[in-house]
Amino acid sequence: MRNFQLIIEYDGTNYQGWQIQDRKFEIRNLKSGRIKTIQGEIEGALEKIFGKRIKLIGSGRTDSGVHALGQVANFRCDTYLKPLNILNALNSHLSSDVRVLKVKEVDKEFHARFSAKSKVYRYIILNRHVASVFYRNYSWLIKQRLDYYAMRRTIRLFLGKHNFKAFTTTDPKRKTQNFVRTVKKISFKKYRDFLIFEIEADGFLYNMVRNIVGTLVEVGKGKLTPIDVKNIFSTKERKFCGPSAPARGLFLLKVKY
């Protein structure tokens, strides 16, 4: 049994996230477009190539509307095909908004989720009065002028090991007991009208990045101060944070192993 790793790029605009909700129903109705997930799209392509159902293991879930420049997944299969043949065959069967960038054979022990050491996410804010024709599905438009420097000062508070319970959203399907995560790197840059936030951590809670960004925007609007944000950690209460930023501005940039 061979083990293959995929590096995947996708536009999540028209998908209900990464993860298949009902495997049999989705694969059966893939052509109808009634349910579309990234995992389902790729598993459907794998079935066409190998003539049987193959389970694709992703590094983690991305929600509806979230994009990826470097999602990682793996699958196991007995095949004589070379990685390049699989790459070309997959892309010939996939929609134009999903692309496999790389296929390589890896050790049998490799697991896209459990072998990951950290992930890097990017969030893009467009801070101007007029919406963009080209970036409307890939950024959060905020018309009010934001205090970039106040936001940049605040991001330092998220660096290091913290309890991020206040920055997660409750989801009955995701029963998390451990809310401690370590943020290894964090940055906030301005490019013309764009504010670009990047964060690397050993793991992320549900909606953690979007809730952090929403809180930073409240700082940029003057509704919260850096001291307020520092105090939010100790409250462990989601209600003190800013709103969750829209999914369309979020990108899974890279998974590190």
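A salt bridge is taken here as a side-chain nitrogen of Lys or Arg within 4 Å of a carboxyl oxygen of Asp or Glu. The model is predicted, so local features need pLDDT of at least 70 and side-chain atom pairs count only at pLDDT 80 or more, while totals for chains, interfaces and linings use all residues. Residues are numbered from 1 along each chain as its sequence is written, and side-chain values use heavy atoms, with hydrogens and water left out.

The secondary structure of the protein consists of six helices and ten strands; helices (H or I, at least four residues) and strands (E, at least two) are DSSP runs numbered from the N terminus. The C-alpha trace spans about 60 × 40 × 30 Å along its principal axes. The radius of gyration, taken over C-alpha atoms, is 19 Å, which agrees with the value near 18 Å for a compact globule of 257 residues; the globule rule is 2.2 Å times the number of residues to the power 0.38. The accessible surface comes to about 13,500 Å², and 50% of it belongs to carbon and sulfur atoms. Accessible areas come from the Shrake-Rupley method with a 1.4 Å probe, and for residues only the protein chains shown count as cover. Buried residues make up 50% of the 257 residues, where buried means under 20% relative accessible area, exposed over 50%, and partly exposed in between (1.4 Å probe, protein chains only). Of the contacts (heavy atoms within 4.5 Å) with a separation of 6 or more, 71% are between residues 24 or more positions apart.

The structure holds four salt bridges. One of them joins the side chains of E200 and K256, with an N to O distance of 3.2 Å. This pair links distant parts of the chain, since E200 is in strand β9 (residues 194-201) and K256 in strand β10 (residues 250-256), 56 residues apart. E200 is buried, at 7% relative accessibility, and K256 is partly exposed, at 26%. Another salt bridge is formed by E105 and R2 (2.9 Å, N to O). E105 lies in strand β4 (residues 98-106) and R2 in strand β1 (residues 2-10), so the pair ties together parts that are 103 residues apart in sequence. E105 counts as partly exposed, at 43% relative accessibility. R210 forms a salt bridge with D63, and the closest N and O atoms are 3.9 Å apart. Because R210 lies in helix α5 (residues 208-220) and D63 in the loop between β2 (57-58) and β3 (67-77), this pair ties together parts that are 147 residues apart in sequence. R210 is buried, with a relative accessible area of 15%.

The largest nonpolar core has 73 residues, of which I42, F75, I125 and F197 touch the most other members. Such a core is a set of buried Ala, Val, Leu, Ile, Met, Phe, Trp, Tyr and Cys residues joined through side-chain atoms within 4.5 Å. Helix α5 supplies the largest share of this core, seven residues. Residues up to four places away in sequence not being counted, F197 touches a set of residues including Y121, Y123, I155, I186, F188, V209, I212, V213 and L216. In soluble globular proteins, nonpolar side chains tend to be buried together.

Helix α3 (residues 83-93) has the buried residues I86, L87, A89, L90 and N91. The buried residues of α3 pack against β1, α2, β3 and β4. N91 is buried, at 18% relative accessibility, and is in contact with R99 and V100 when neighbours within four places in sequence are left aside.

Two residues that are not glycine have a positive phi: R192, at about 55 degrees, and N207, at about 65 degrees. Most residues other than glycine have a negative phi. R192 lies in the loop between β8 (180-191) and β9 and is exposed, with a relative accessible area of 65%. N207 is placed in the loop between β9 and α5 and is buried, at 12% relative accessibility.

At the surface, V133, F134 and Y135 make a nonpolar patch of about 370 Å². Patches are made of residues with over 30% relative accessible area and no salt bridge, like charges being joined within 9 Å and nonpolar side chains (Val, Leu, Ile, Met, Phe, Trp, Tyr) within 5 Å. Y135 is in the loop between β5 (118-126) and β6 (140-141) and is partly exposed, at 41% relative accessible area.
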